[in-house]
Structures are given as structure tokens and as C-alpha cells.
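Please open the model in a viewer and keep the selection panel at hand. The tour below proceeds stop by stop, with a selection and a description at each.

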There are 2 protein chains.
Amino acid sequence: MHRVGKLDNWDEIRTAFQVARKGTVSGAADALGVHHATVIRHIDALEGRLGVKLFQRHARGYTATEAGQDLLQVAQATDDQFTQLAGRIKGQGEGVSGDLVITSLDMLSAMLTPAMVAFQAEHPEVRIRYRTGDRVFRLEYGEAHVAIRAGSMPEEPDNVVQPFMSQRLSLVASEAYVARRGLPKDVDDLPNHNFVVFDNEKSRAPFGIWLRERVPEERFTYRATDNRNMLDAILAGAGLGFVSSQLLDHHPDLIEVIPSEDSWTAPLWLVTHVDLHRTTKVQAFLKFIKAHFKTVASS
Amino acid sequence: MHRVGKLDNWDEIRTAFQVARKGTVSGAADALGVHHATVIRHIDALEGRLGVKLFQRHARGYTATEAGQDLLQVAQATDDQFTQLAGRIKGQGEGVSGDLVITSLDMLSAMLTPAMVAFQAEHPEVRIRYRTGDRVFRLEYGEAHVAIRAGSMPEEPDNVVQPFMSQRLSLVASEAYVARRGLPKDVDDLPNHNFVVFDNEKSRAPFGIWLRERVPEERFTYRATDNRNMLDAILAGAGLGFVSSQLLDHHPDLIEVIPSEDSWTAPLWLVTHVDLHRTTKVQAFLKFIKAHFKTVASS
DNA sequence: CCGACCCTGTGCATTGATGAACGTTGCGTG
DNA sequence: CACGCAACGTTCATCAATGCACAGGGTCGG
């Protein structure tokens, strides 16, 4: 059903608004940048649809009836609202404020958090929201502005991808485990040990593939879905496991079992949605985080 | 100068509003009754003009960015406002409320006022504004809804004219004047008397013409621009003068000098502007006032 | 009293917006 | 894994909205 008299055409209201303001069709046409014939047609259409005269025509121009004056007030308020809206939206695109949503694998949390805190300190107007979780947050649905992804370069069409840094991994065990089971002599000795792994059969992480090629699945004695929990398990002596190399500094009781292989290192990517990539807020964050880790790396 | 980013196209905002509501281009197109290609073009144009993405495109539809959500809120408010406006305007055209502006020669004030009061009593929602004055209030400029005009039928193009009633005039004098100067014997005796006249040389009122044909201008010893003042002058004995025949009932000290001639009677016309004539408010008043004076005349 | 100017209003040519059709992509389902 | 569905996105033909030109009428100033 289509109710009669519903205002279906907002542009005609805008035209009527200008006519009511200026008092003449010609003046309104000039203000709107259209031909005065168009203005007349808009008014006629609007009045025809409403069934009420909005203006009285006379040689000096158009004067608003009561209905026209009512429309004038409403449209004036609307015009103000839209002007403010335009200002906000344009300012929003240019300024660094509002929410900035970042997502990554929770494995990277320890590394990223200091950087995000520093960024927020530099831009007090912005509120950081850091989202990690078992599922991958999707940029397409507006769930995050920036994602830090690991592994092979993402190739989703609407995402703009930048190389970020390399995530080096180490195969470690806790002192407690080594005291009990000893260190593997070499790679071939690995099947004789227990492993703490991520509970994802079809993980395409290179170190996961590397491990599955050398160690039968029965040795994956502890499976977790959370990196934090995996670390706890390794520290508790559940077995060998892969952790971010940076963690070795913070956990002296972790012992590197065998030398880190280059194939394990997963590149990290800064990913943004193409719709948001141009905004200064996102750009500011990307620039900041790249500079931040360049400094950290060089220091 | 034309500021960039000003929202020049309210229809595009309306389109974006529906997209933000429905979440999909197709849904919005369906709601708007247009093709979905049109919706896409509107969004693209709007985003291009603002320089900010309002939506993130993905396979499941469009989700609003922060800017899009801001627009959604503003446009939602606007839609509500316009809906209410449409309701008010349509109701206004149908109902009998608001101002009702009536204008006439002030000579008719005494006759019209009771009718207008009775009309207002019947329609409490309406506020009567009765405007008399030296100048003629013009319907074209929206100065009045209804005019009561005397004399020959008005023929302005945008006015709709209805015959109302006849205004019978009498040539009278006060008892004081008659006591001092006596009554004229007949028409030919009139130049020997003084006259109270309306101060308008080129009055086309038939009684005025009739008088000027028979009495030299020197005998117009009292000229007034106000009917009320003319009546006062006649009552004070300034001379003979034309008054509405109905006044004889209220002023017993007025004496009819010679029998009223048919040529003096001026027809009265109910005049409305074509733009307002169709409104129920005006129609209600016209119907009421015609019935009112029909009853009065027949009683 | 008259002429110049401004504003409205309308018929006709044109442009820009719209609609239809098709292709593509992603997602869910059996 | 294949299929179907739903949604976006583009291209081309069409049509309605627009702009243009001119006529008509009223007002204002000299």
C-alpha cells in the first residue's frame, strides 16, 4: 500500500523551502542553480500531491500560505541539520577521533598493546577498541578498521594490504619439561616428545605444516584454542610448542629446543578495508604503528 | 562561492537513509520504488561529494560506517519531521482550524461581526482575524482568506467571486439637522442642503455617482475617510448622508430623507483567492455566512 | 500616462537520470 | 563439492526531468 500524500520527494521540499525563503520562483531557482521552470514544476507537483496550496501566486512572486510557512519552518530546521551533518562527516573523515577498531590474532596482543596505548596517548580524541577472538573479524562487515593478519598475503579484493613485519617463532619448552623429558637431540628426535598445539587441524600456518610433516598427530597431547592457554600449558610442562620469539625475553624459564627455522617466520600484514583506508584516522594509525615498530626493532 | 560538500541533493540523503535502514541496496530500492542501480548511483554520488565512505560494500549488502550511522540518525529525524509535516498540512487543508482572515469595507463591520462571532463559536479551533482599513487588502498577497467586496463584480483573474447579498442604502439625516434645516421637498431640493460624504473623489459607488450628478461639490461640507466617523457626523447634524439601511433600526434619531432608490443598492460579493477557495476552512465559512444571512433576511 | 523591468507560465528540444538485462561474486545448503 | 539464491555492479536503451525561448501580465519610476 502506498499512502497518498507521503512526502516522497525530498528535493521538492527543498525547492519549496527556497521559494518560501526567497519569495519568488526566480530567486529560488537562482539559489538552487536550476531553471525557474523546474521550480514551478516542483511546486506544482508538491501541491498536487499534498492537495493543498503551499503558495499564493501573484505578479510579485510567491507568498507562503499557512501550510507553506509550516513547511518553511520544518525545512529550515532540516537544512540546518543537514549542514551540520555535512560538517561533521567531512570533519570526521579528516580528523583523528572516534572509535578505532583493531583486530588481530590474540597471539599478537602482547606485542601490539603497547603500540596502541602509545597511539591513543598521542591522539586523545580517539578511542581504541581491540578485538581478538577465535573467529576472524571481517573488515568487509565493518567489524574493524585495521586488521593485523599473519601468514600468506591476504588477497581479498576489497582489502588493501601492506607488509608489516615478520613474526619469528621459536619451538620452546619449559624448564620443568626439560628436567623431566630432556631436550630432543635433533629434528628426528621430535616424535619422541609431546607437543602443545593449536586446536585447528587445517591450520595453514607454516610452522604447523612443518610440524605435522615430522611429528605424528598422536604426539599432539595438548590442544588449545587460545594462545594464552597454550602458553600456560607450555609453561606447566605439557610439552613442546611454538611461541612468538619475543616471548623468550619475558619468560626466562622457556628454553629454545631447536634453532628457529626461517620457514616458520610468518609475515604479518596490515590490512584495511578499501572504504576506510583513505581516512586520516586509519592512515594516522598505520603510519604510527609502522614507525613504532621500526623504532623498537632498531633500538 | 559554492562550498564543496554541501548537501545539495536531499533525495540522495533519503536514498542513503533507506540503505542504512535496510542494510541492502536491493531492499532500499524496493522500499523507495526505484531500481537498485539508481540507489547505487545515489550512494556513489553522495560519497563522492562528501569525500567520505558512508557504507562498506560486501556481498551481504551495505553496512553503515560511522558517517553512515550519523546520517542515519539525522535522516531518521528528518523523515519523522516530514511525515508529521505532511500530516499537518493535509489535516490543515481538511480541517477548520488556524487563522481565518476576513476583510471588508469597514461599513460592513456592524453587519458582519455577529456572523463571524457565531462562526467562531461553531468552530472553536479557528481564530478570526477581521481586517478593515483604508487600503484594500489584497487576496493575491495572502493578506486575507475571504473578502467581502461591494460594487460591481470584481473581475481579477485569480479571484473566485460569489454573489452575497445586496447592500441597501438610505439617505438620512439626524433629527437635530432636520429640526434646524428641515427636510428636502424632493430631489431637486437637495442642492440646498449640506452633505456628509466619503472623501474619495473617484468613488465608483453608484450612490456617489447619483449624488454628484445632482448636487454640486460645494455642498459636500463634511468629508470623512471612515464610515464610523461619517455616521458620527450625520448623527451630530452635519448634513445628509448615505448609510446602510440596516442602521436605521439601531438609530431611531435617523430620519430617511427621500425614499431609497434601487440604483443605490450595491451588490456585495464574497471573494476568495483561487488558491484558498478549495480549502474546507474557507468553504465552511462561505457556507456559514451565506446561511447566516439567509436566515436573518427571512426572519 | 507610458515604457522598462521583473516575474510567472508554457511549448519544445535536449540532457541526465532511470530502468531493464546480464554478469559476477559470495554464501548457504544438501 | 556442486548447486541455487541473493546481492552487488555495469552497460545500454529509454524516458522523464530539465533547460531554453518566448509570451503574458503587473509593478514601479519618470
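Begin by selecting α3(A), which gives the most to the surface near DNA strand D, with four residues; a residue is near a strand if one of its heavy atoms lies within 4 Å of it, and helices (H or I, at least four residues) and strands (E, at least two) are DSSP runs numbered from the N terminus. The model is a predicted one, in which local features need pLDDT of at least 70 and side-chain atom pairs count only at pLDDT 80 or more, while totals for chains, interfaces and linings use all residues. Residues are numbered from 1 along each chain as its sequence is written, chains are lettered from A and ligands numbered from 1 in the order in which they are written, and side-chain values use heavy atoms, with hydrogens and water left out.

**DNA strand D**

Next, select the 19 residues around DNA strand D, of which A:His35, A:Thr38, B:Val25, B:Ser26 and B:Tyr62 come nearest. Of the strand atoms that come within 4 Å of the protein, sugar and phosphate account for 67%. Zoom in on A:Thr38, where a polar side-chain atom lies 2.8 Å from a phosphate oxygen of DNA strand D; a polar contact is a pair of N or O atoms within 3.5 Å, and within protein one must be able to donate a hydrogen and the other to accept it, with residues adjacent in sequence counting only if both atoms are side-chain atoms. On chain B, a polar backbone atom of B:Val25 is 2.3 Å from a phosphate oxygen of this strand. For a base, turn to B:His36, which has a polar side-chain atom 3.1 Å from a base oxygen of DNA strand D. Two or more residues of this surface come from each of α3 of chain A and α2 (25–32), α3 and β2 (61–64) of chain B. Colouring by class shows eight nonpolar, seven polar and four charged residues (Ala, Val, Leu, Ile, Met, Phe, Trp, Tyr, Cys and Pro count as nonpolar, Asp, Glu, Lys and Arg as charged, and the others, Gly among them, as polar).

**DNA strand C**

Which residues come nearest to DNA strand C? Of the 20 residues around this strand, they are A:Val25, A:Ser26, A:Tyr62, A:Arg138 and B:Arg41. Select B:His35 to find a backbone N or O atom 2.9 Å from a phosphate oxygen of DNA strand C. B:Thr38 places a polar side-chain atom 3.1 Å from a phosphate oxygen of the strand, whereas B:Arg41 has one 3.2 Å from a base nitrogen. Of the atoms of DNA strand C within 4 Å of the protein, 63% belong to sugar or phosphate and the rest to bases. By class, the surface has eight nonpolar, eight polar and four charged residues.

**Between chains A and B**

Now hide the DNA and select the contact (heavy atoms within 4.5 Å), which takes 52 residues from chain B and 52 residues from chain A. The area buried between the two chains is about 4,800 Å², of which carbon and sulfur atoms give 57%; buried area is the accessible area (1.4 Å probe) that two parts lose on being put together, summed over both. Six salt bridges are found across this interface, a salt bridge being a side-chain nitrogen of Lys or Arg within 4 Å of a carboxyl oxygen of Asp or Glu. Show A:Asp8 and B:Arg14, a salt bridge in which the closest N and O atoms are 3.7 Å apart. On the side of chain B that touches chain A, α4(B) supplies the largest share, 18 residues. That side divides into 19 nonpolar, 15 polar and 18 charged residues.

**Within chain A**

Finally, select A:Arg49 and A:Glu12, which form a salt bridge with the closest N and O atoms 3.2 Å apart. A:Arg49 lies in helix α3 of chain A and A:Glu12 in helix α1 (residues 10–22) of chain A, so the pair ties together parts that are 37 residues apart in sequence.
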